[in-house]
Amino acid sequence: MKDLKEPRIRIAPSLLSADFGRLKEQIAMVEEGGADLLHLDIMDGHFVPNLSFGVPVIEKIRGCTELYFDTHVMITDPDKYAEPFIKAGSNNYTFHIEATNEPRKVIDHVRGLNCDVGLALNPDTPFGAIEPLLSEVDVVLVMSVWPGFGGQRFIAEVLPKAAEISRNLRPDQRLEIDGGIDFQTVGSAAENGADIFVAGFAIFGASDPVSAMARIRETAQASKAAGGER
Ligand code: DX5
Ligand code: ZN
């Protein structure tokens with residue numbers, strides 16, 4: 001079973017910017033090109049002002065790849081939909097702290113379904129909002145854009161928060177950064193403790209997605225080596 005416990009750089013292409021008419025080929029391309037995770041952005045048109053895809057798409061693509069499915073739900077009722085998204089083939093279920101008053105219940109529910117669990121924070125949500133739950137999750141996802149759309153500009157103001165979270169994580173926990181990551185922004189994210197890098201537009205929007213992914217990875221590795229491991 002793949003998990004996130006081993007500390008290393010991981011690249012997670014976000015399917016949101018893929019060509020949905022050729023999903024199978026697009027997934028095969030990033031899998032063969034060395035992607036570590038496939039990031040699946042679920043939007044409900046309520047928690048965020050946009051809709052994406054849902055359970056039937058995950059079920060279908062589960063049959064065509066071995067990649068770890070990193071499911072990021074931007075939905076108002078993460079507890080209600082945990083089971084269908086996990087049964088469809090998610091390996092991780094990351095939900096927003098802003099979306100629920102009962103985060104512990106969601107975490108326990110996801111764990112009970114034998115799935116990794118992550119907590120996501122919007123750009124203006126402080127570390128304190130997740131601090132009491134930190135030891136209970138596998139991954140913390142720091143949003144570096146406002147959730148809802150791909151291809152937005154990286155918000156560098158979230159970096160001190162990323163560094164603070166990173167200092168409080170165990171070696172078996174991951175810090176994921178999501179939004180506006182490309183070869184120019186990934187270095188600062190790595191220096192501030194991130195080790196899972198989501199990239200949508202910078203990979204699927206590139207003329208050569210596999211070399212774009214390699215460039216992002218190399219830059220992250222070089223910055224991590226310079227900045228020191230957690
Ligand atoms: C935004 C999503 C992101 C998005 C990233 O709501 O959570 O995962 O797809 O896309 P880029 O890399 O294009 O900012
Ligand atoms: Zn995402």
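**Exercise 1. Decide where valine 110 sits and whether valine 110 counts as buried or exposed.**

Step 1. Start with accessibility: valine 110 has 0% relative accessibility and counts as buried (buried is under 20% relative accessible area, exposed over 50%, partly exposed in between, with a 1.4 Å probe and protein chains only).

Step 2. Now the element: valine 110 belongs to helix H4. Helices (H or I, at least four residues) and strands (E, at least two) are DSSP runs, numbered from the N terminus.

Step 3. Add a distance: from C-alpha to C-alpha, valine 110 and asparagine 92 are 8.7 Å apart, with their positions 18 residues apart in sequence.

A word on the model before going on: it is predicted, so local features need pLDDT of at least 70 and side-chain atom pairs count only at pLDDT 80 or more, while totals for chains, interfaces and linings use all residues. Residues are numbered from 1 along each chain as its sequence is written, chains are lettered from A and ligands numbered from 1 in the order in which they are written, and side-chain values use heavy atoms, with hydrogens and water left out.

**Exercise 2. Describe the backbone and the surroundings of asparagine 114.**

Step 1. Locate the residue: asparagine 114 is in the loop between helix H4 (103-112) and strand E5 (116-121).

Step 2. Check the backbone: asparagine 114 is not a glycine, yet its phi is positive, at about 65 degrees. For context, most residues other than glycine have a negative phi.

Step 3. Check the cover: with a relative accessible area of 69%, asparagine 114 is exposed.

**Exercise 3. Work out which residues coordinate the zinc ion (ligand 2) and what geometry the site has.**

Step 1. List the donors: His39 (NE2), Asp41 (OD), His72 (ND1) and Asp178 (OD) coordinate the zinc ion (ligand 2) at 2.0 to 2.3 Å. Donors are N, O and S atoms within 2.8 Å of the metal (3.2 Å for Na, K and Ca); water is not among the atoms, so sites may look incomplete.

Step 2. Assign the geometry: the zinc ion (ligand 2) has 6 donor atoms with angles of 70 to 170 degrees, and its site is octahedral. Six donors count as octahedral if opposite donors are over 155 degrees apart and all others between 65 and 115. The ideal angles for six octahedral donors are 90 or 180 degrees.

Step 3. Read the spacing: along the sequence, the donor residues follow H-x1-D-x30-H-x105-D. Histidine 39 is in strand E2 (residues 37-43) and histidine 72 in strand E3 (residues 68-74), so this pair ties together parts that are 33 residues apart in sequence. Both histidine 39 and histidine 72 are buried.

**Exercise 4. Find the polar contacts of ligand 1 and how much of its area the protein buries.**

Step 1. Begin with the side chains: an oxygen atom of ligand 1 lies 2.6 Å from a polar side-chain atom of aspartate 178, and an oxygen atom of ligand 1 is 3.0 Å from a side-chain N or O atom of serine 14. A polar contact is a pair of N or O atoms within 3.5 Å; within protein, one must be able to donate a hydrogen and the other to accept it, and residues adjacent in sequence count only if both atoms are side-chain atoms.

Step 2. Turn to the backbone: a backbone N or O atom of glycine 180 is 2.8 Å from an oxygen atom of ligand 1.

Step 3. Take the area: ligand 1 alone exposes 380 Å², and the protein buries 99% of that (Shrake-Rupley method, 1.4 Å probe).

**Exercise 5. Trace how E3 connects to E2 and E4.**

Step 1. Look at the pairing: E2 and E3 are parallel, with 7 bridges, and E3 and E4 are parallel too, with 4 bridges. Two strands pair if DSSP finds at least two bridges between them.

Step 2. Name partners: leucine 37 stands opposite tyrosine 68 in E3, and valine 73 stands opposite phenylalanine 95 in E4.

Step 3. Compare the faces: in E3, Tyr68, Asp70, His72 and Met74 lie on one side, Phe69, Thr71 and Val73 on the other, and all are buried.

Step 4. Finish with histidine 96: this residue lies in strand E4 (residues 92-96) and is buried, at 1% relative accessible area. Its side chain makes a polar contact of 2.9 Å with the side chain of histidine 72 and one of 3.4 Å with that of asparagine 122.

Conventions: Tetrahedral: all angles 85-135°; square planar, octahedral: opposite > 155°, others 65-115°.
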